[in-house]
Amino acid sequence: MSFRYEIEYTLDQFCLTSGLDIAAVREFIDHGVLEPKNEQAQWFFSEADLNRCMKAVRLQRDLDVNLASVALALELIDRNQVLRKRVAYLEQIFERFQKL
């Protein structure tokens, strides 16, 4: 049995870890780049949020695009990953049927 511990960050911890200020994180949230968990009027961020945030920062810096474009790019990246997993799964099923 494996246990998985998920790290959660408060807004202040997230800002320290990501290197962004609160205003920038709020902009990311407002544009749908980040979707933190909201409990008792406080935001909590996961490791996945931190990874997504760093991707967003790189996209914004490297491509010099606005946050709406960053949000769209991240959405397309996420969809691509889901589709790749589905294709891999279907390929495994296809291989099994070929062996029959």
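Which pattern does the protein chain follow when read along the sequence? The order is β-α-α-β-β-α-α, made up of 4 helices and 3 strands. Helices (H or I, at least four residues) and strands (E, at least two) are DSSP runs, numbered from the N terminus. The model is a predicted one, in which local features need pLDDT of at least 70 and side-chain atom pairs count only at pLDDT 80 or more, while totals for chains, interfaces and linings use all residues. Residues are numbered from 1 along each chain as its sequence is written, and side-chain values use heavy atoms, with hydrogens and water left out.

A look at the whole chain comes first. The radius of gyration of the protein chain is 18 Å, whereas a compact globule of 100 residues would have a value near 13 Å. This quantity is taken over C-alpha atoms, and the globule rule is 2.2 Å times the number of residues to the power 0.38. Along the principal axes, the C-alpha atoms fill a box of roughly 60 × 40 × 20 Å. Of the 100 residues, 26% are buried; here buried means under 20% relative accessible area, exposed over 50%, and partly exposed in between, with a 1.4 Å probe and protein chains only. About 7800 Å² of the protein chain is exposed, and carbon and sulfur atoms supply 53% of that area. Accessible areas come from the Shrake-Rupley method with a 1.4 Å probe, and for residues only the protein chains shown count as cover.

Contacts and charges add to this picture. Among contacts between residues at least 6 apart in sequence, 52% join residues at least 24 apart, where contact means heavy atoms within 4.5 Å. The chain carries 13 positive and 16 negative charges, and their mean positions are 9 Å apart. Lys and Arg count as positive and Asp and Glu as negative, with His and the chain ends not counted; the place of a charge is taken as NZ of Lys, CZ of Arg, CG of Asp or CD of Glu.

Several individual residues are worth a visit, starting before strand S1. Glu6 sits in the segment before S1 (8-10) and is partly exposed, at 41% relative accessibility. Beyond its neighbours within four places in sequence, Glu6 touches Ser46, Glu47 and Ala48. The Glu6 side chain also reaches the backbone nitrogen of Glu47 at 3.5 Å, a polar contact being a pair of N or O atoms within 3.5 Å; within protein, one must be able to donate a hydrogen and the other to accept it, and residues adjacent in sequence count only if both atoms are side-chain atoms. Glu6 and Glu35, 29 residues apart in sequence, have C-alpha atoms 16 Å apart.

Next along the chain, Ser18 belongs to helix H1 (residues 11-18). Why does Ser18 count as buried? Ser18 is placed in that class because its relative accessibility is 11%. Its side chain reaches the backbone nitrogen of Leu20 at 3.2 Å. With neighbours within four places in sequence set aside, the contacts of Ser18 are Leu50, Cys53 and Met54.

The loop between strand S2 (37-39) and strand S3 (42-46) holds Gln40, and Ala41 is found in the loop between S2 and S3 as well. Gln40 is exposed, with a relative accessible area of 82%, and Ala41 is exposed at 80%. Most residues other than glycine have a negative phi. Here, however, phi is positive, near 50 degrees for Gln40 and near 60 degrees for Ala41.

Helix H3 (residues 47-63) contains Arg52, which counts as buried at 17% relative accessibility. The side chains of Arg52 and Asp78 are joined by a polar contact of 2.5 Å. Outside the four-place sequence window, Arg52 is in contact with Gly32, Val33, Leu34, Leu74, Glu75 and Asp78.

Finally, Leu67 lies in helix H4 (residues 67-99). Is Leu67 buried or exposed? Leu67 is buried, with a relative accessible area of 7%. Apart from neighbours within four places in sequence, Leu67 meets Glu27, Phe28, His31, Val33 and Gln60. From Leu67 to Ala88, a separation of 21 residues in sequence, the C-alpha to C-alpha distance is 31 Å.
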